[in-house]
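Work through the exercises below with the model open beside you. Try each task before you read its solution.

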Amino acid sequence: MSTEVIQVANDLKTGIEGLVSDFKSMKQAQESEYKRLTDAVAELQRASQLHMEPASKGMQVSDGTKAMIGYLRTGNAPEIQYDQNGIKSATVSNPPNGGYFALPDFQARVIERMYNLSPMRQICEVITVNGNIAMLPYEVSPPQGTWVGETQKRPDPSDAKIGIAQIPVNEYVVKTSISNTLLEDSNLIGIEDYLTNAASNAIDRDIGDAFVSGDGHNKPLGLYADPRLETINTGAASAVTVDCLYEALASVPNDALRNARWTMSMATFIQFVKEFGKDSTYVNMPMSESIPARILGYPVTFINAPAVAAGNIIATFGDHRNAYKIVQRLGLQYQRDPYTGADDNMVITRFRTRVGGQMVMPESVVGIKVGA
């Protein structure tokens, strides 16, 4: 092999070794840079969780990164930065231009509020009707008989007297709107389903309250607001007493005791418990859903009844299914309207239902009114 060939081979070997050395140096530099960036990200995450500024010594964290952490922690945006030519800089430290690309962990659901409900539908009779006024016949007085002797003249016929209760069917509506843009871009899970459920729950709450305290104007006449409801006083000007509960038991027909219950708010129930004493055998605190609250052996249904105050009817006792009738013309109807608000980029949803309610047999229940 000639000297020239050997020299070329040696030069080629030297060149390859130099390339390998350069590649190793570049790889080592990249690994060092990757480790520095990884450590910096870990420090940022730890500082964000602890709501602290990250330590900058040895980490070489940029001013933009520090500004981003400060914005996420306090919500205070830094002043807009300009370069020497008066041009705004689109950096992470300038939220109006460029913005922050580190987003918080947004939970894509809505935590709904909780409300007190008046479950009148569960304790009263619900009747489905097909008109705008429900005509319910009810017994005013039964046929009257008499005892007679063997040859005594029999009395004239005594017919039963029937009355007609007229319960108007009222309409309740809820109307909501939401933009198409929000429907398309929102990352909330089922935002339209949430609006539907929220409207439905609002209807349940308001209608349930109307069955309790509605004034009868374009709405049901509530049990507690009906002037025909007979009441007994608590015996105190602005408080509850135990004696009124015993009087309530004696104020309804014996037939009503078979399906009788109390209705009142939880706050009122607690007042009666205090009067009896928490260890009394006459009251039973609700220990679970399967063990309902009881007073004098009869279950208690918690509704949005008026609070304990002078002149308020705070509770009722009796057979509510026989006393109060709820009529249902239509269930909840839902209409999605993308056209009416189309020019404003809005989708309108409408909810409606038609119901009515009224006391038919006042003698089946009695109210407890605060008063001496």
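The exercises cover nonpolar cores, aromatic pairs and strand pairing.

This is a predicted model, where local features need pLDDT of at least 70, side-chain atom pairs count only at pLDDT 80 or more, and totals for chains, interfaces and linings use all residues. Residues are numbered from 1 along each chain as its sequence is written, and side-chain values use heavy atoms, with hydrogens and water left out.

**Exercise 1. The largest core**

Task: Find which residues of the largest nonpolar core touch the most other members.

Solution:
- Start with the terms. A nonpolar core is a set of buried Ala, Val, Leu, Ile, Met, Phe, Trp, Tyr and Cys residues joined through side-chain atoms within 4.5 Å. Buried means under 20% relative accessible area, exposed over 50%, partly exposed in between (1.4 Å probe, protein chains only).
- The largest core has 27 residues; Leu245, Trp262, Met264, Phe272, Ile295, Phe317 and Ile368 touch the most other members.
- Now see which elements contribute. Helices (H or I, at least four residues) and strands (E, at least two) are DSSP runs, numbered from the N terminus. Two or more residues come from each of H6 (243-249), E6 (261-264), H8 (266-276), E9 (298-302), E10 (313-318) and E13 (365-369).
- Helix H8 gives the most, four residues.
- Zoom in on Leu245. Leaving out residues up to four places away in sequence, Leu245 touches Trp262, Phe272, Phe276, Ile295, Leu296 and Ile368. Contact here means heavy atoms within 4.5 Å.

**Exercise 2. An aromatic pair**

Task: Describe the geometry of the Tyr334 and Phe351 pair and say what it ties together.

Solution:
- Apply the rule. Rings of Phe, Tyr and Trp (its six-membered ring) pair if their centres lie within 6.5 Å; planes under 30 degrees apart count as stacked, over 60 as edge-to-face and the rest as tilted.
- The rule yields six aromatic pairs.
- Tyr334 and Phe351 sit 5.2 Å centre to centre, with 40° between the planes, and the pair is tilted.
- Tyr334 is in strand E11 (residues 324-337) and Phe351 in strand E12 (residues 346-359), so the pair ties together parts 17 residues apart in sequence.
- Check exposure. Tyr334 is partly exposed at 40% relative accessibility. Phe351 is buried, at 2%.

**Exercise 3. Strand E12**

Task: Which strands are joined to E12 by bridges?

Solution:
- Two strands pair if DSSP finds at least two bridges between them.
- Strand E4 (residues 170-179) runs antiparallel to E12, with 10 bridges. Lys175 has Arg350 as its bridge partner in E12.
- E11 also runs antiparallel to E12, with 11 bridges. Ile326 has Gly357 as its bridge partner in E12.
- Of the 14 residues of E12, 11 are buried, so this strand is largely enclosed by the rest of the structure.
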